[in-house]
Amino acid sequence: MLNFRSTICLIICLMILIPASTGLGFQSTNIPTPESILGFKPGTDYKLANWDKISRYYLAISEASDRIEVTEVGKTPMGNPMLVALISSPENIRNKEIIKEIQHKLADPRKTSDSELPSLVSNGKTVILMTFSLHGSECGATQMSPQFAYELATKNDPDTRQILDNVMIVLFPSANPDGVTLIADHYMSYIEKGEMQPPGLPRVYNKYVGHDNNRDWYMLTQDESKIIAHQLYDVWLPEIVFDMHQMGNGGARFFLPPFADPINPVIHPLIVRQLALIGGYFSTDLISAGYPWVENQSRFSMWWHGGMRTAPYYHNMIGILTEAASANLASPIPPRENARVVPATINYPVPWKHDRPWTIGDIVEQDKVAAFALLKAAARNKDMFLNNYYRMNKDAIKQGTEEKPYAYIIPPAQHDQGAAVYFLEIMLRQATEFREALSDFTAGGKSYPKGSIIAYLAQPARPHVEAIFSTQKYPTGIGQPYDITGWTLPMQMGVEYDRIDNSF
């Protein structure tokens, strides 16, 4: 039988041996730091980690932390694993199937009712799908990602707890693992020989499309695009999609939303207004962190359909792009004497003066501040984002019953049957609904045979259907478009179809 002194000693020993619960799950003191696997701190000059090191870090932290669950969801053309990391509270990760079910109900109001909405919003989480470094040479975001995961796995401050409780992060640490590896290995081979400003990679960093894998999001020709699209449109149906890039280094240090004109008229106005809200979080937190040289409402518009952040607009998701000024990969850009400094404007209030080096460390820190700013916005405004997602999907269905066009019809007789089948496959990968006619019918004064394919516009993806089937007329008086202006996919693929302007 223990005496009083022995009991006290036992209690003290147990207190030492058993870590305190934080309410966010048991957190091992052995959670690996990025340096322990990468061999350096992310953002160190003249250091780039390839995909093998970054993926090993994610697998290691997934083993150590119950806030992170990492899954391989496919292979790239060069055989690298595509990893997706779920980051949230342990309870949310345990209940991920319930959160997915809620997302599917919010994404299609026909599966639920207005009376159920308060319960769905209360129990749901803001789901954010994040993709880093879609272009392999824009390496900062993927280099930042181990530190991003580490801080979410270890911090217990009020902001982090609120994020983990209210947000489900679906993260691709790299959307282009092949490019990350080709660029990092090439760069480091020169650094190891003492050449501190290596030449560019003498080949494209994506096996099939080079740089423009960001022009693939209305056609989904690449393995990486298909893998991400599956998580986007089939598995998670997030409220927010965040795509982190880099740009040239001649001007602003960071580009953020809101975006420039024009806006495609089929995009719901709530997308535009919520982008402005999120942009305010970005700009404010970056200035507070000592990075005031940010620009918005310029360069990139909301017209083009085919980009990673623009295609989700047409599914009532908030698509976000950030563009950090690039260094020379991980080699600093030196100050520029007598550089022209543009005047301050309301969209660019603190111009960059080119008076100090610009480094990979700056990019990593900026990207991390922006990522956490988005997570704070998502956590603090969870109910608003979920309610608005439901409303936008409901509005799309309603609009499809009240406004023309009411449908697009693809007759079974096609001069290229294979192209028609492939077109339908592409559209089905993007959460588009089709119906097959079981008998002959008439629509728009024309007879159609059994087997015709009908895309009714009364569906949540109405903006996507309308954008893909209709021809585009770029607005006049706005200047030249930033990007390609035509994406009428059936026309490009030679698929014959009819627009139906009368309800049937």
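This passage describes the packing, two helices, the salt bridges and two buried residues of a predicted model. Local features were taken only where pLDDT is at least 70 and side-chain atom pairs only at pLDDT 80 or more, whereas totals for chains, interfaces and linings use all residues. Residues are numbered from 1 along each chain as its sequence is written, and side-chain values use heavy atoms, with hydrogens and water left out.

The largest nonpolar core comprises 111 residues, a nonpolar core being a set of buried Ala, Val, Leu, Ile, Met, Phe, Trp, Tyr and Cys residues joined through side-chain atoms within 4.5 Å. Here buried denotes a relative accessible area under 20%, exposed one over 50%, and partly exposed a value in between, computed with a 1.4 Å probe on protein chains only. The most contacts inside this core are made by Phe148 and Phe423. The element that gives the most to the core is helix 12 (residues 360-380), with 13 residues; helices (H or I, at least four residues) and strands (E, at least two) are DSSP runs numbered from the N terminus. When residues up to four places away in sequence are not counted, Phe423 touches Ile410, Ile468, Phe469, Leu489, Pro490, Met493 and Val495, contact meaning heavy atoms within 4.5 Å. Apart from the largest core lies another, of 34 residues, among them Ala107, Leu129, Leu232 and Tyr389.

Helix 12 consists of 21 residues and reaches 30 Å from its first C-alpha to its last, close to the 30 Å expected at 1.5 Å a residue, where the expected span is 1.5 Å times one less than the number of residues. This helix is mostly covered, 18 of its 21 residues being buried. At its N-terminal end helix 12 is capped by Thr359, a side-chain oxygen of which lies 3.2 Å from the backbone nitrogen of Gly361.

Helix 10 (residues 223-236) has 14 residues and should span 20 Å at 1.5 Å a residue, which agrees with the 19 Å between its end C-alpha atoms. A kink of about 30 degrees is nevertheless found in helix 10, centred on Ala229; the bend at a residue is the angle between axes fitted to the seven residues ending there and the seven starting there. Because 10 of its 14 residues are buried, helix 10 is largely enclosed by the rest of the structure. The buried residues of helix 10 include Ala229, at the centre of the kink, and Leu232, which also belongs to the core of 34 residues. Just after helix 10, Leu237 adopts a positive phi of about 45 degrees.

The structure holds 24 salt bridges, each defined by a side-chain nitrogen of Lys or Arg within 4 Å of a carboxyl oxygen of Asp or Glu. Side chains of opposite charge can pair when their charged atoms come close. One salt bridge joins Glu101 and Lys105, with an N to O distance of 3.7 Å; both residues lie in helix 5 (residues 96-107), 4 residues apart, about one turn of the helix. Glu101 is partly exposed at 45% relative accessibility, and Lys105 is likewise partly exposed at 22%. In another salt bridge, the closest N and O atoms of Glu151 and Lys368 are 2.7 Å apart. That pair links distant parts of the chain, with Glu151 in helix 7 (residues 140-154) and Lys368 in helix 12, 217 residues apart. Both partners are buried, Glu151 at 11% relative accessibility and Lys368 at 13%. A salt bridge is also formed by Glu425 and Arg429, at 3.4 Å between the closest N and O atoms, where Glu425 is partly exposed at 35% and Arg429 at 31%. Asp108, Arg110, Glu433 and Arg435 are linked in a network of salt bridges.

Two further buried residues were examined individually. Pro405 occurs in the loop between helix 13 (382-402) and strand 11 (407-410), and is buried at 1% relative accessibility. Leaving aside neighbours within four places in sequence, Pro405 is in contact with Leu457, Arg462, Glu466, Arg499, Ile500 and Asp501; of these, Ile500 is 95 residues away in sequence, with a C-alpha to C-alpha distance of 5.7 Å. Ser145, in helix 7, is buried at 0% relative accessibility and touches Ile54, Tyr58, Phe132 and Pro173, not counting residues up to four places away in sequence.

Definitions and conventions
Polar contact = N/O pair within 3.5 Å; in protein donor to acceptor, adjacent residues only side chain to side chain.
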